[in-house]
Amino acid sequence: MENTLMPVLLLTIFFAVILPGINKKPRVVAGAVICFALITGCNYAQTGQNNQATDNQVIENQANNGQINVVPAKVISVVDGDTVGVRMGQAEERVRLIGVDTPETKHPTRSVGAYGPEASSFTKSELNGKSVFLEFDVSERDKYGRMLAYVWLEKPLLGSNSEIRSKMFNAVLLLNGYAQLMTVPPNVKYVDYFKDLQAQARKDGNGLWGLTGAGSLGGKYIGSKKSDKYHYPDCEWAKKILPENVIWFKDVSDANAHGYKPCGICRPE
Ligand SMILES: [Zn+2]
């Protein structure tokens with residue numbers, strides 16, 4: 001509309017100031033010209049709005065093209081906190097949830113993690129018998145042949161932050177402290193969201209993060225549940241970690257997978 005104001009203003013001045021001095025016929029012509037200018041101006045403004053609506057439509061369509069692809073499945077068993085059995089059509093599959101690691105409950109060679117049974121029963125109560133939607137990342141299976149997936153409790157629309165927090169079970173496990181972050185490239189689609197969720201769970205002391213002595217299974221490196229650094233056990237900073245905050249890592253990749261970074265003082269490697 002802005003573009004039309006100037007000519008209309010000029011014509012109005014012409015009509016009001018200059019024309020009264022001239023005869024009647026040009027006055028009628030000028031009136032017609034002003035009407036024409038106004039109508040054209042309004043049409044132009046409307047066309048502009050239409051263009052904007054078209055742009056919005058395009059953005060919406062682009063977003064829809066980025067829609068999350070999921071496969072419906074039914075959870076028929078729960079192995080532990082982060083592994084479930086599902087039925088997909090006629091096939092039965094074992095599914096390992098991406099990006100999370102719940103304390104072990106059934107591992108033959110490792111001792112039972114302090115929070116494993118809680119994580120396991122939480123997953124049972126939330127997923128067993130439920131219809132879910134599986135989303136896959138870059139690699140579809142791990143070396144044990146298990147499917148690797150994000151488990152959506154409801155069909156996701158665009159995967160917004162709030163949707164992830166409320167509808168994706170992997171995220172629910174992290175946020176409630178039933179699992180720790182475990183990043184295994186190339187399946188890293190949601191890793192930034194997951195880091196935030198774990199940081200929040202740790203800050204709020206949810207689940208295993210609020211547990212005294214949780215994760216104290218021994219290992220090569222030590223970290224604190226209150227920070228994201230890992231150390232050699234003899235580092236001066238490691239010695240300041242309170243017993244109830246101690247968490248152990250068996251190696252560098254274990255520490256990295258849980259979102260921990262090397263201490264700048266003892267430089268564990
Ligand atoms: Zn250190």
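Two strands are taken to pair if DSSP finds at least two bridges between them. In this predicted model, β5 and β6 are joined by 3 bridges and run antiparallel. Strand β6 (residues 147–152) also has 3 bridges to strand β3 (residues 91–97), and these two run parallel.

**Strand β6 and its partners**
- Strand β6 is largely enclosed by the rest of the structure, because 5 of its 6 residues are buried.
- On the β3 side, Val95 stands opposite Met147 in β6.
- On the β5 side, Trp152 in β6 has Phe133 opposite.
- Leaving aside neighbours within four places in sequence, Ala149 is in contact with Val95, Leu97, Ile98, Leu134, Glu135 and Phe136.

**Nonpolar cores**
- The largest nonpolar core has 39 residues, of which Val132, Ala149, Val151, Ala171 and Leu174 touch the most other members.
- Two or more residues of this core come from each of β1, β2, β3, α3, β5, β6, α5 and α6 (191–204).
- Helix α5 supplies the largest share of this core, 6 residues.
- A second, separate core comprises 11 residues, among them Tyr230, Val246, Phe249 and Tyr260.
- In soluble globular proteins, nonpolar side chains tend to be buried together.

**Helix α3**
- The end C-alpha atoms of helix α3 (residues 116–127) are 16 Å apart, which agrees with the 16 Å that its 12 residues should span at 1.5 Å a residue.
- Its buried residues are Gly116, Glu118, Ala119, Ser120, Phe122, Thr123 and Leu127.
- The cover over these buried residues includes β1 (71–80), β2 (83–88), β5 (131–135) and α5 (169–175).
- Gly129, just after α3, takes a positive phi of about 80 degrees.

Methods: Residues are numbered from 1 along each chain as its sequence is written. This is a predicted model: local features need pLDDT of at least 70, side-chain atom pairs count only at pLDDT 80 or more; totals for chains, interfaces and linings use all residues. Helices (H or I, at least four residues) and strands (E, at least two) are DSSP runs, numbered from the N terminus. The expected span of a helix is 1.5 Å times one less than its number of residues. A residue is buried if 20 or more other C-beta atoms lie within 10 Å of its own, exposed if 12 or fewer, and partly exposed in between; C-beta atoms are placed from the backbone. Two residues are in contact if their C-beta atoms, placed from the backbone, lie within 7 Å. A nonpolar core is a set of buried Ala, Val, Leu, Ile, Met, Phe, Trp, Tyr and Cys residues joined through C-beta atoms within 7 Å.
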